[in-house]
Amino acid sequence: MELDKIYQLMDKFEQSSLTSFEYRDQDFEIQMGKKGHGKTTVTPQPAPLPNQPVIDPTPVSTVSTPVVAEAEPTPVATSTASNPTSVVTPDPEPEPAPIDPKECVTAPVVGIYYPAHSSEEAPYVKLGDHVSVGQQVGLIQAMQMMRPVVAKQAGTVKAFLVKNGEEVNFGQPLIQLVPDTPDDI
């Protein structure tokens, strides 16, 4: 099966409501499944040789321990003899501004994001760098292959929305840009 067809299958599967998918033909076999929060895992299986029995892999079970969130201390009302009505309240933290996906470089495939070719090399772009249309800004490892992440619009790098080595989904915003002109959006 051609690599482009595999990527198309991965993209369609990620956008669907399916939780697992298998495809087999004479020379190729692929299994895809989603684990929690819609993340996709892909397991390519080598096709068996003609006179070799097919062995199904046994599913591996994992045990997860629940994560217990720690409670934050709540402010205590204080009063003094001179001002019995004063109450200490924390300042509410401002919520971050919503991110417009039109201003972002997005993931072309499901995989693991890397901002540089290797850990010894400088990242493709840094905060404040200008990005042009078609410029490579990162890599995504998908199915043991590295796929370039390219900008589809020109602009200045405003924020990195994912970290080095983080799993990303198809279409997920990776880098937020300040577009050169509103027409670029």
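Visitor: Which residue of β11 stands opposite Gly155?
Guide: Pro179 does. This is a predicted model. Gly155 belongs to strand β9, residues 155–160.

Visitor: What makes β9 and β11 a pair of strands?
Guide: Two strands pair if DSSP finds at least two bridges between them. β9 and β11 share five bridges, so they pair. Their sense is antiparallel.

Visitor: How do you know that β4 and β11 pair?
Guide: Count the bridges again. Three of them join β4, residues 104–106, to β11. The cut-off is at least two, so β4 and β11 pair as well. These two strands also run antiparallel.

Visitor: Which residues of β11 face Thr106 and Cys104?
Guide: Thr106 has Pro173 as its bridge partner. Cys104 stands opposite Gln176.

Visitor: Why are β4 and β6 called edge strands?
Guide: The open sheet has four strands, in the order β4-β11-β9-β6. Its pairing is antiparallel. β4 and β6 (130–131) each pair on one side only. That puts them at the edges.

Visitor: What holds the strands of a sheet together?
Guide: Strands of a sheet pair through backbone hydrogen bonds.

Visitor: What makes β11 mostly covered?
Guide: A residue is buried when its relative accessible area is under 20%. Five of the seven residues in β11 are buried, so the strand is called mostly covered. Across the protein, buried residues make up 24% of the 185 residues.

Visitor: Which elements supply at least two residues each to the largest nonpolar core?
Guide: The core has 25 residues. Val137, Ile140, Leu174 and Ile175 touch the most other members. α1 (3–15), β2 (29–35), β7 (136–142) and β11 (173–179) each give at least two residues. The largest share, four residues, comes from α1.

Visitor: Why might nonpolar side chains gather like this?
Guide: In soluble globular proteins, nonpolar side chains tend to be buried together.

Visitor: How do you know that Leu174 touches Val105?
Guide: Contact means heavy atoms within 4.5 Å. Leu174 touches Val105, so the pair has heavy atoms within that distance. Others touched by Leu174 include Ile140, Phe160 and Val168. Residues up to four places away in sequence are not counted.

Visitor: How many helices and strands does the protein have?
Guide: It has one helix and eleven strands. Along the sequence, the pattern starts with α and continues with β.

How values were computed: Residues numbered from 1 in each chain as written. Predicted model: local features only at pLDDT ≥ 70, side-chain atom pairs only at ≥ 80, totals over all residues. Heavy atoms only, no water. Core = buried A, V, L, I, M, F, W, Y, C linked by side-chain atoms within 4.5 Å. Buried < 20%, exposed > 50% of the residue type's maximum accessible area, 1.4 Å probe, protein only.
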